[in-house]
Amino acid sequence: MTDVFVLGSINQDFVLKVERRPQPGETVTNAELSTHNGGKGANQAAAAALLGASVTILGRVGDDEFGEPLVRALEEKGIDTDLVERASGASTGAAFITVTPDGENAITVAPGANRSLAPEDVDAAAGAIGEARVLVAQMEIPVESVLRAVEVAAER
């Protein structure tokens with residue numbers, strides 16, 4: 001039995017530290033780029049695992065160069081990723097984050113494979129959802145899938 005079942009997004013984050021955001025049509029140079037594992041679902045799963053919970057995640061990554069390392073990073077934290085599939089022909093979700101020196105950020109998300117997480121995938125994982133003590137979901141995946149997971153959890 002899992003303590004926490006997470007239904008959610010898995011993204012590759014691209015963070016740009018900038019002195020200021022560009023105005024429309026303007027190019028700002030001298031940004032500092034860093035990359036991070038992300039996605040609200042993956043972040044919630046990692047936080048729960050780091051606090052000692054047993055965690056299972058249901059999610060999707062693309063069949064590109066970003067998906068496998070993100071899944072491996074979750075596994076290294078002890079998260080069960082057996083329900084994470086690679087969506088053929090889709091890119092892994094990505095977030096593009098600009099951060100100014102005062103800490104203000106602006107985020108644009110390209111959901112990619114996260115959009116392919118369907119209610120049918122939730123139904124296929126109904127047993128694992130029903131056995132978990134806690135269901136965690138957020139809105140970076142299709143709302144129909146979140147609603148179905150809540151229904152499944154309530155039935156169990």
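# Surface patches and salt bridges in a predicted model

Val 143 has a relative accessibility of 37%, so this residue counts as partly exposed. Val 143 belongs to helix 5, which covers residues 143-155. Together with Met 139 and Leu 147, Val 143 makes a nonpolar patch of about 290 Å² on the surface. The model described here is a predicted one.

## A negative patch

A second surface patch carries negative charge, and its members are Glu 75, Glu 76, Asp 80 and Asp 82. Helix 2 (67-76) and strand 5 (80-87) are the elements that give two or more residues to this negative patch. Asp 82 has its place in strand 5. Is Asp 82 buried or exposed? Its relative accessibility is 66%, and because exposed means over 50%, Asp 82 counts as exposed.

## Salt bridges

Side chains of opposite charge can pair when their charged atoms come close. How many salt bridges does a search of the whole structure find? The search finds eleven salt bridges. Three of them are listed here, with the distance between N and O.

| Residue | Partner | N to O distance |
|---|---|---|
| Glu 104 | Arg 21 | 3.5 Å |
| Lys 40 | Glu 140 | 3.6 Å |
| Arg 60 | Glu 85 | 3.8 Å |

The side chains of Glu 104 and Arg 21 meet in a salt bridge with an N to O distance of 3.5 Å. Glu 104 sits in the loop between strand 6 (93-99) and strand 7, while Arg 21 sits in the loop between strand 2 and strand 3 (32-38), so this pair ties together parts that are 83 residues apart in sequence. Glu 104 is partly exposed, with 46% relative accessible area. Arg 21 counts as partly exposed too, at 23% relative accessibility.

Lys 40 and Glu 140 form a salt bridge between their side chains, 3.6 Å from N to O. Why does this pair tie together parts that are 100 residues apart in sequence? It does so because Lys 40 lies in helix 1 (residues 40-50) and Glu 140 in the loop between strand 8 (134-137) and helix 5. With a relative accessibility of 46%, Lys 40 counts as partly exposed.

In the pair of Arg 60 and Glu 85, the closest N and O atoms are 3.8 Å apart. This pair links distant parts of the chain, since Arg 60 is in strand 4 (residues 55-62) and Glu 85 is in strand 5, 25 residues apart. Arg 60 counts as buried at 5% relative accessibility, whereas Glu 85 is partly exposed, with a relative accessible area of 46%.

Some salt bridges share partners. Which residues are joined into one network in this way? They are Asp 123, Arg 148, Glu 151 and Glu 155.

## A buried glutamine

Gln 12 is found in strand 2, residues 11-17. Its relative accessible area is 9%, and because buried means under 20%, Gln 12 is buried. Where does a polar atom of the Gln 12 side chain find the backbone oxygen of His 36? The backbone oxygen of His 36 lies 3.1 Å from that polar atom.

## Residues in loops

Asn 30 is found in the loop between strand 2 and strand 3. Although Asn 30 is not a glycine, its phi is positive, at about 75°. Asn 30 counts as exposed, with a relative accessibility of 75%.

Arg 115 occupies the loop between strand 7 (105-110) and helix 3 (119-124). This arginine is exposed as well, with 62% relative accessible area. The C-alpha atoms of Arg 115 and Ala 149 are separated by 15 Å, and the two residues are 34 residues apart along the chain.

## An alanine in helix 1

Ala 48 has its place in helix 1. Is Ala 48 buried or exposed? At 16% relative accessibility, Ala 48 counts as buried. Between the C-alpha atoms of Ala 48 and Lys 77 the separation is 9.8 Å, with their positions 29 residues apart along the chain.

Definitions and conventions. Residues are numbered from 1 along each chain as its sequence is written. This is a predicted model: local features need pLDDT of at least 70, side-chain atom pairs count only at pLDDT 80 or more; totals for chains, interfaces and linings use all residues. Side-chain values use heavy atoms; hydrogens and water are left out. Patches are made of residues with over 30% relative accessible area and no salt bridge: like charges are joined within 9 Å, nonpolar side chains (Val, Leu, Ile, Met, Phe, Trp, Tyr) within 5 Å. Accessible areas come from the Shrake-Rupley method with a 1.4 Å probe; for residues, only the protein chains shown count as cover. A salt bridge is a side-chain nitrogen of Lys or Arg within 4 Å of a carboxyl oxygen of Asp or Glu. Lys and Arg count as positive and Asp and Glu as negative; His and the chain ends are not counted. The place of a charge is taken as NZ of Lys, CZ of Arg, CG of Asp or CD of Glu. Helices (H or I, at least four residues) and strands (E, at least two) are DSSP runs, numbered from the N terminus. Buried means under 20% relative accessible area, exposed over 50%, partly exposed in between (1.4 Å probe, protein chains only). A polar contact is a pair of N or O atoms within 3.5 Å; within protein, one must be able to donate a hydrogen and the other to accept it, and residues adjacent in sequence count only if both atoms are side-chain atoms.
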